[in-house]
Amino acid sequence: MVRKWLSNWTLMALSVFLLEMIFFSIFTPHFLSFDNMSTMLTNFLVIGIMAVSMTFVIISGGIDLSVGSIMSLCGVIMGLIWQSGVNIWLAGLLAIAVGGMAGFINGLLIVRTGIQPLIATLATLFIYSSLALVIGGENSISGFPEEFLVLGVGRLFGIIPLQLLIFAAIALFFGFLLQKTVYGRFVTFIGNNEASAFYSGVPVNTIKIWTYICSGLTAGISAVILGSYFASVRGDMGYQYEFLVITACLVGGVNVFGGAGTISGVVIGTFILGMLGQGLNMLNISSVEQKVITGVILLLAVAIQQINVYISRQRRTSPPIGKGVKSKSSAEIDRVTG
Amino acid sequence: MLWKIGNNRELSLFLFICLLLFVFAVTTPSMLAPGNVVDLLHNTVVICILTLGAIIVIIARGIDLSIGAIMGFVTLLVGKLAIAGWPLWAIILAGMMTGIIAGCVNGALVTLTKLPPIIATLGTLSIYSGAMYMVTEGQWVTNLPDSLLVLGSFQIFGVIPGRMAIMALILLGTILFLQVSVKGRHIYAVGNNPIATRLAGIKEKRVVFQTYVIAGLLSAIAGILYISYTGFSTPTTGIDMQLKAIAAAVIGGASVFGGRGTPFGGLLGSFLLVIIASSLVYYHLPAIWNQAAEGAIILIAVIVDSILAKQSSKKAEVV
């Protein structure tokens, strides 16, 4: 029973999330109040937006360390285009396109040259963040028009944060893409066994490039939303965001070696992290100590995943047939081992 | 001929560095004045020792993202102890012990819990760097006593800076360890083929564990040399150093697929990063270009690698 529950990652993440919510609502006043909840949401949804597309990258067996830098770059580009007199919405779209281009470069590098994704995106992390600082300068760009700020802080009917709607739309889209389309199944296939995917006629390279393009596009979207939320953009606005995004994915149960993961899990993972941040803030725990706690949670999440894999492998490979035991029905084996 | 040079990473990197230095010597002669060359070497000390640690882990197919944080933590700890009046030998011992313990934690996480190295050390990275703030409560560590600073400024025979001699000794030790000793060959063996290594009777996990401990120890030494030279440390010291060290390792010929990389290549890689960073100053370019240059060099190094690998596999097929 316990083991089944442990091996269903989404269910476990959900219960961790609920436990967390109960814990914080006991120890901090007004935690479950409507205002607090909606403020909390707007603090971390951009991480979730990048995490759902990072899920594809990780499932296909890669990793994208450059999302934070792409985000900085897109933010700065949006600000500069707007400053040169272009409509802010158009500037935002152009910035998202730049994010897609940056992702395309990542994908092309990885696919064409066969560099490990870790090293390739480490290099582009350096390059993009440096570019963002070079073209953006050290000062922030601000003074966006009122109607643009709605994107970050606005609410539908005065209740539902717009950010939440955007996040929900993106998460649904990617969830559909992963579970219900050929593309999503191919991504999982590649993550499980790239060679056999290739020999089965799956266009491995194209699919891999598209995972990085999506990652870049969502980084661009996040930049636009964050720029609207803070009403300013800076060359270092995405600094170290990649760690948060990857943590959200892994807490959400995406296998870091590729081949497995769900969007629903990642959404819950994002909420676990976001709620943790807000709750710890309300308990007056400094951001540095929060960093430590996040690190511990990351380690725990992946450790439990690995234990699960280990257990399921044990069950598959070694039914306890041996000395003095002639045979056992599968029900008995299940009872003994599980 | 060219082919051979291309395939020998240390030689090709060495020639590339010579070419760069020649270009600098022609265009900005002041950069290669004797005093500046000594400065360049001084700047190489810390990053080179960190890179050696990174290389040893990478050879065994691991990766250690926490070495920068270990280094930063040790600088703060060492500074605090020096201010508290500890003698130099006790400070060095404490710093090195801290590095070893942190390395043991990494190694245990990677080998015992089967966490992927990048995740395990990403987790410990945030733990160690959080610990840095807790030790100092966000304050800088300055006003160090001379007892510690002497380590950064002493000179052998009044000529050779002591910390460079220490770096040379460590480099020599790593070369001997990795390329001559049996234990070092085990590390290469694990990186080339972990399963075959296990079947050959080598305790593969123990070897991997040791690589993380050595990386922890080397980062601690780098930390001690850092603070004894600069005379201060902040809670953000070392924050991105692990990325630089890994970059230097990759430029120096280490492969993240394991089994490849040499200490001498690590020295050349870190030296290349240092001369490029300081050349920006001489060409009056803003320092923020530094990262872009680093990224570009990593890319060039790995792309050249993969092209060479493809060609050599083609050659093998023909033969």
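Is R61(B) buried, partly exposed or exposed? In this predicted model, R61(B) has a relative accessibility of 41%, so it counts as partly exposed. Let's start with that residue and then work through the rest of the structure.

## Two odd backbone angles

R61(B) sits in the loop between helix 3 (34–59) and helix 4 (67–83) of chain B. Its phi angle is positive, near 70 degrees, even though R61(B) is something other than glycine.

Chain A has a residue of this kind too: A231(A) is not a glycine, yet its phi is positive, at about 60 degrees. You'll find A231(A) in the loop between helix 11 and strand 4 (232–233) of chain A. With a relative accessible area of 26%, A231(A) is partly exposed.

## Chain A at a glance

What is chain A built from? Count along it and you get 15 helices and four strands. Chain A has 338 residues, and 53% of them count as buried.

The chain also folds back on itself. Take the contacts in chain A between residues at least 6 apart in sequence: 76% of these join residues at least 24 apart.

L125(A) makes a handy example to click on. It belongs to helix 6 of chain A, and its relative accessibility of 10% puts it in the buried class. Leaving out residues up to four places away in sequence, L125(A) touches L65(A), S66(A), S69(A) and E242(A). I96(A) is another one to find: it lies 29 residues from L125(A) along the chain, and the C-alpha atoms of the two are separated by 17 Å.

## The nonpolar core

The largest nonpolar core has 196 residues. Which of them touch the most other members? The answer is V52(A), M78(A), I49(B) and L272(B). Among the elements, helix 3 (residues 34–59) of chain A gives the most to this core, with 16 residues.

Zoom in on L272(B) to see what such a spot looks like. Not counting residues up to four places away in sequence, L272(B) touches L13(B), F16(B), I17(B), L20(B), I251(B) and I297(B).

## Where the two chains meet

How many residues does each chain bring to the contact? Chain A brings 35 residues, and chain B brings 42 residues. The size of an interface is often given as the accessible area lost when the parts come together. Here, chain A and chain B bury about 3,400 Å² between them, and 81% of that is on carbon and sulfur atoms. Three residues stand out on chain A's side: I119(A), F126(A) and L299(A) supply 18% of the area that chain A buries against chain B, which is more than any other three residues.

Which elements of chain A give two or more residues to this side? They are helix 5 (88–113), helix 6 (117–136), helix 12 (241–251) and helix 14 (287–317). Sorted by class, the side of chain A that touches chain B has 25 nonpolar, seven polar and three charged residues.

Polar links across the interface are few in number: the count is one residue pair in polar contact, and zero salt bridges turn up between chain A and chain B.

## Salt bridges in the structure

Side chains of opposite charge can pair when their charged atoms come close. Over all chains, the structure holds four salt bridges. Here are some of them.

| Salt bridge | Closest N to O |
|---|---|
| E194(A) and K208(A) | 3.1 Å |
| D236(A) and R234(A) | 2.9 Å |
| E204(B) and R198(B) | 2.9 Å |

E194(A) and K208(A) link distant parts of the chain, 14 residues apart: E194(A) is in helix 10 (residues 194–199) and K208(A) in helix 11 (residues 204–230) of chain A. E194(A) is partly exposed, with a relative accessible area of 36%, whereas K208(A) counts as buried at 14%.

How do the other partners compare with the solvent-facing scale? D236(A) is partly exposed at 35% relative accessible area, and R234(A) is partly exposed at 37%. In chain B, E204(B) has a relative accessible area of 17%, so it is buried, while R198(B) is partly exposed at 47%.

Conventions. Residues numbered from 1 in each chain as written. Chains lettered and ligands numbered in written order. Predicted model: local features only at pLDDT ≥ 70, side-chain atom pairs only at ≥ 80, totals over all residues. Heavy atoms only, no water. Contact = heavy atoms within 4.5 Å. Buried area = accessible area lost by both parts, 1.4 Å probe. Salt bridge = Lys/Arg side-chain N within 4 Å of Asp/Glu carboxyl O. Polar contact = N/O pair within 3.5 Å; in protein donor to acceptor, adjacent residues only side chain to side chain. Nonpolar A, V, L, I, M, F, W, Y, C, P; charged D, E, K, R; others polar. Buried < 20%, exposed > 50% of the residue type's maximum accessible area, 1.4 Å probe, protein only. Core = buried A, V, L, I, M, F, W, Y, C linked by side-chain atoms within 4.5 Å.
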